[in-house]
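Biologist: I'd like a close look at just one part of this protein. Could you pick a stretch of sheet and walk me through how its strands go together?

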Amino acid sequence: MTTVTAAPLTPAQHGVWITEQTLPAGPAYHLAVTIRFTGALDVDRLAAAVAAVVARHPVLAGAVDEDAVALVPAGAEVTLVVRPGGSGGSGGSGGEADVADLVAAPFDLRRGPLARFTLLRTAPGEHLLCVVAHHLVFDGTSKQVLVADLATAYNGGTLPTADAPAAESIVDTAAAAGFWATRWQEPAPAQLPGLRHAVGGAAVAVPFTIGTAALAETAATLGVTHFELLIAAWHALLRRYGNGTVTTAVELSTADRAAPRIGLHVNELPVSTTPDPAQPFAAFARAVRAQLREMYPHRAVPLSHAVRLTPRAALAPLTVSYRRRAEPPAFDGVDTAVDWLVFPGAVRGTANLQLVEGPSVVEGSLHLVAGSFAAEQVAAEFQALLAAAVAAPGTAVADLALPSTADVPAVGPAPRDTVVDRFLARVAADPAAEAVVCGDRRISYGRLGAAAAGLADRLRRQGIGPGSLVGIALPRTAELLVAVLGVLETGAAYLPLDPSYPAERIAFIRDDAGAALVLTPADVPLSLSGGGDTAAVLPAADDVAYVIYTSGSTGKPKGVAVPHGALTNLVDAMRDHLGAAAGDTWLGLTSLSFDISTVELLLPLTVGARIVLVPPDRHRDAATQLRLIDGHGVTHVQATPSGWRLLLEAGLSRGDLVAVTGGEALPADLAARLAPLVRRLVNAYGPTETTVWSALADIAPDAPVTIGGPVANTTLHVLDDALRPVPDGIAGELWIGGVGVAHGYRGRGGLTADRFRPDPFGAPGARIYGTGDRVRRGPSGLEFLGRVDNQVKLRGHRIEPGEIEARLATHPAVAQAAVVLADPHGPRARLVAYVVPTGEPLDVAALREHVARTLPGYMVPAAVVTLERFPLTPNGKLDRAALPTPAEPPAAAPAVAPAAFAGTGDDTTATVTAIWQEVLRIDDIGPDEDLFDLGGHSLTITQIAVRIRKRLGVDVPLDVFFDTPTIDGVVAAIADLREAR
């Protein structure tokens with residue numbers, strides 16, 4: 001029987017051991033290699049070879065003595081197990097399913113052994129050897145040593161006798177601590193294409209290959225190793241994904257290259273870079289090399305011995321493993337194929353990039369939790385960026401070409417005719433058709449057309465024409481439509497002035513815009529008719545159709561000037577997407593000051609449809625709106641998500657309704673409730689500056705909510721800060737181009753130049769508008785992620801409130817959610833969540849727990865405020881400024897209340913204190929001093945825990961020492977454990 005001489009766990013082994021005790025590592029620490037034999041394999045010779053290898057490397061037959069913190073002989077021998085392939089597992093051909101089962105099978109670290117050799121008979125003349133070992137005694141280099149020694153022993157060669165345990169190398173922990181003191185910081189969550197919070201999913205592997213010929217040539221030219229070049233390319237790609245500081249954990253070998261042995265001879269250390277997008281890749285690769293060379297002298301010191309670390313499966317969310325392999329050795333009489341990259345079925349952290357370089361190719365494998373991000377895209381883009389860097393290393397990091405699946409549609413010219421032309425054509429085609437229902441009044445197309453022509457005639461006599469701006473201060477009545485159409489027929493533009501707005505705001509807008517005159521109800525009687533006294537001058541496509549004022553980030557409203565061509569393009573796009581026709585009936589719900597009103601007021605009049613106007617004082621009266629919808633057979637309703645919630649609460653159940661929602665983000669729970677109740681649910685997105693709606697998405701029941709794709713003659717670009725396209729699935733700012741782009745902000749040349757830029761992707765003279773909205777391109781269209789400028793910073797963490805709001809909204813008791821940062825610059829800065837309950841009981845503690853399940857602790861709101869309904873702006877959007885001020889938080893309680901330990905007993909405290917003094921070799925330790933500040937690390941924690949178990953009979957979980965690393969904290973935990981017995 002092979003025995004292993006007892007030897008203390010090395011720092012690296014102890015790090016793996018303590019992680020296994022505190023985290024559910026599963027098979028993440030299982031390493032495997034397979035050899036497929038084709039031909040007349042001598043099974044007895046192979047079994048003897050296995051025995052020889054285990055004798056040469058007895059760590060494979062070891063187990064862990066946790067009291068001695070040492071590797072000791074296992075309770076059973078390591079032998080070759082032979083069985084048929086396909087049995088005892090989940091089936092499958094070629095033994096793949098059997099290998100997956102063998103790799104996933106757990107190890108008993110305390111009993112051992114820590115390696116398994118299984119030979120599967122997969123077919124006549126074919127066998128598959130699967131070797132699985134625990135990372136405590138095995139690493140990537142060990143695979144090559146194992147295969148080489150197996151071949152030597154199988155072919156009749158003699159292996160050297162087992163080495164005595166190697167003396168622990170002398171390492172300079174103090175120097176490593178000094179090195180990492182200014183370099184280590186907790187890595188931020190990685191940004192990856194399509195990144196999702198995937199909890200509990202199965203792990204998968206995405207394989208790919210990279211040719212080595214060009215890689216080797218460029219590495220030699222740049223004076224870097226293949227590994228350094230690959231790491232530089234990986235970090236360059238992660239920078240392109242929006243990671244400002246890129247951190248990956250890499251495995252560095254600590255083995256003796258002259259006499260390689262099986263065992264754990266690697267140390268995982270972090271590599272952090274801040275790639276400059278404008279930096280040539282060649283310079284960046286050399287900078288990566290320089291950083292690695294600075295780190296290499298400290299490669300033998302585990303990071304946990306140099307800085308304070310909590311137990312974790314990986315130092316960073318992203319890890320990289322790299323190995324070089326020679327051609328595998330031959331086995332006498334059989335053909336062999338070695339698989340070095342056997343997938344363990346688990347992943348440590350977010351993703352692990354494994355790279356194994358052979359003579360002609362680098363075999364790559366990206367390990368991740370299924371569905372957590374677009375791994376196939378990442379693998380393809382890594383290969384593409386690396387190829388671009390190898391071909392032209394002088395290219396800037398940001399300009400290395402990546403494949404793109406984004407389809408930029410062609411943009412045609414703006415329509416030449418206008419909504420006025422379309423309306424007049426409907427008047428001529430069927431003047432008796434009903435155009436508007438306003439209370440008890442029903443107005444035909446002929447009457448509406450005559451009144452609009454009469455107003456236009458009168459305005460022309462007052463000098464109103466192309467270039468003029470006319471204010472409209474009318475309530476939502478038939479006369480409002482007369483005013484809009486009459487102004488447009490003169491070639492002038494209209495300026496909405498909502499009568500419900502404060503007088504001061506109306507006056508500011510009127511004066512800032514320079515309105516030639518303002519129409520009030522007295523100026524627009526429905527009895528007007530066209531006299532033909534003045535020559536009609538219909539507008540051209542480039543003439544301004546309307547100027548609508550939006551709120552400004554400085555608090556000063558700004559007017560957006562939209563041309564007729566853009567307006568007609570919108571009307572045509574909505575008509576085609578919705579299939580709008582003469583038989584439809586639209587609900588006129590929205591204030592003229594909200595640009596979405598153009599769709600519900602002008603689109604119907606260009607196709608011969610009918611408009612049912614909601615009374616001016618009933619725009620938030622959902623019951624009245626439902627009566628109008630049911631009483632008049634309304635077929636199309638456009639409203640904000642907040643407006644749709646009101647309709648649902650009022651009992652909406654019209655299954656034949658076309659529902660258009662927009663103006664603010666559509667919550668998933670609202671979409672799930674609304675979609676089954678209507679014929680179509682269309683999510684519309686667009687800023688005023690690109691003419692109302694720029695993107696549309698049909699949302700099916702149970703489908704993800706997106707803003708879809710562009711409307712006709714519109715382009716949607718997801719760009720970084722330098723206006724470069726970001727890869728699909730990565731967040732960026734949405735810039736919109738095409739016919740819908742407005743002229744700009746009236747009288748604000750500087751602001752216009754800032755937000756309206758030359759279109760680098762379009763025809764000469766074309767422009768794009770920067771929306772300030774964060775989106776990413778997903779498989780179902782663009783996903784809205786919130787405002788670029790809505791990020792907040794709390795205790796050093798950058799937080800997007802929209803992400804927290806989305807998580808809150810998935811709770812069954814939450815109908816709506818909004819998150820703000822209260823007292824952002826004060827000592828009590830905290831996240832506050834405002835929620836509107838669905839009616840189900842709302843447990844605040846349970847809600848915070850719900851958020852904490854998928855978001856980090858710093859993103860869990862400190863307070864939750866419940867409201868009956870959210871305050872809304874006049875346009876029906878959430879009025880964040882009107883949210884009530886949250887109550888002041890209570891004064892912070894001490895981390896550990898002294899009274900908590902009153903009953904623990906002085907003997908326990910004295911014993912624990914004595915143990916700390918022994919292990920740390922410090923005589924004077926206070927009850928509230930931090931273990932890590934005293935020089936403690938994972939090994940000392942294990943030693944303390946062992947002594948406590950022996951002297952006090954209590955098995956303290958190791959995570960207690962990380963959660964409450966003081967004597968008082970440990971004593972309190974001991975008291976709790978005793979009470980729970």
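Modeller: Sure, and keep in mind that this is a predicted model. Before zooming in, one quick note on charge: the chain carries 77 positive and 100 negative charges, and their mean positions lie 3 Å apart. There's plenty of sheet to choose from, with 39 strands alongside 26 helices. Of the 981 residues, 53% are buried. The C-alpha trace spans about 115 × 70 × 50 Å along its principal axes.

Now for the part itself: let's settle on β6, residues 115-123, which pairs with β5 as well as with β7. Take β5 to begin with. That strand covers residues 80-84 and runs parallel to β6, with five bridges joining the two. If you want a spot to put your finger on, find R83: the residue standing opposite it in β6 is L120.

Then there's β7, residues 126-134. Here the pairing with β6 is antiparallel, and it extends over eight bridges. A handy marker for this pairing is F117, whose bridge partner in β7 is V131. β6 and β7 form a hairpin with two residues between the strands, and in that hairpin G125 has a positive phi, near 75 degrees.

While you're tracing side chains, remember that in a regular strand they alternate between the two faces of the sheet.

Stepping back to the whole chain, among contacts with a separation of 6 or more, 69% are between residues 24 or more positions apart. As for the outside, the chain exposes about 39900 Å², and carbon and sulfur atoms supply 53% of that area.

Definitions and conventions:
Residues numbered from 1 in each chain as written. Predicted model: local features only at pLDDT ≥ 70, side-chain atom pairs only at ≥ 80, totals over all residues. Heavy atoms only, no water. Pairing = 2+ DSSP bridges. Helix = DSSP H or I, 4+ residues; strand = E, 2+ residues; numbered from the N terminus. Buried < 20%, exposed > 50% of the residue type's maximum accessible area, 1.4 Å probe, protein only. Contact = heavy atoms within 4.5 Å. Areas by Shrake-Rupley, 256 points an atom, 1.4 Å probe, with all protein chains shown as cover. Lys, Arg positive; Asp, Glu negative; His and termini not counted. Charge placed at Lys NZ, Arg CZ, Asp CG, Glu CD.
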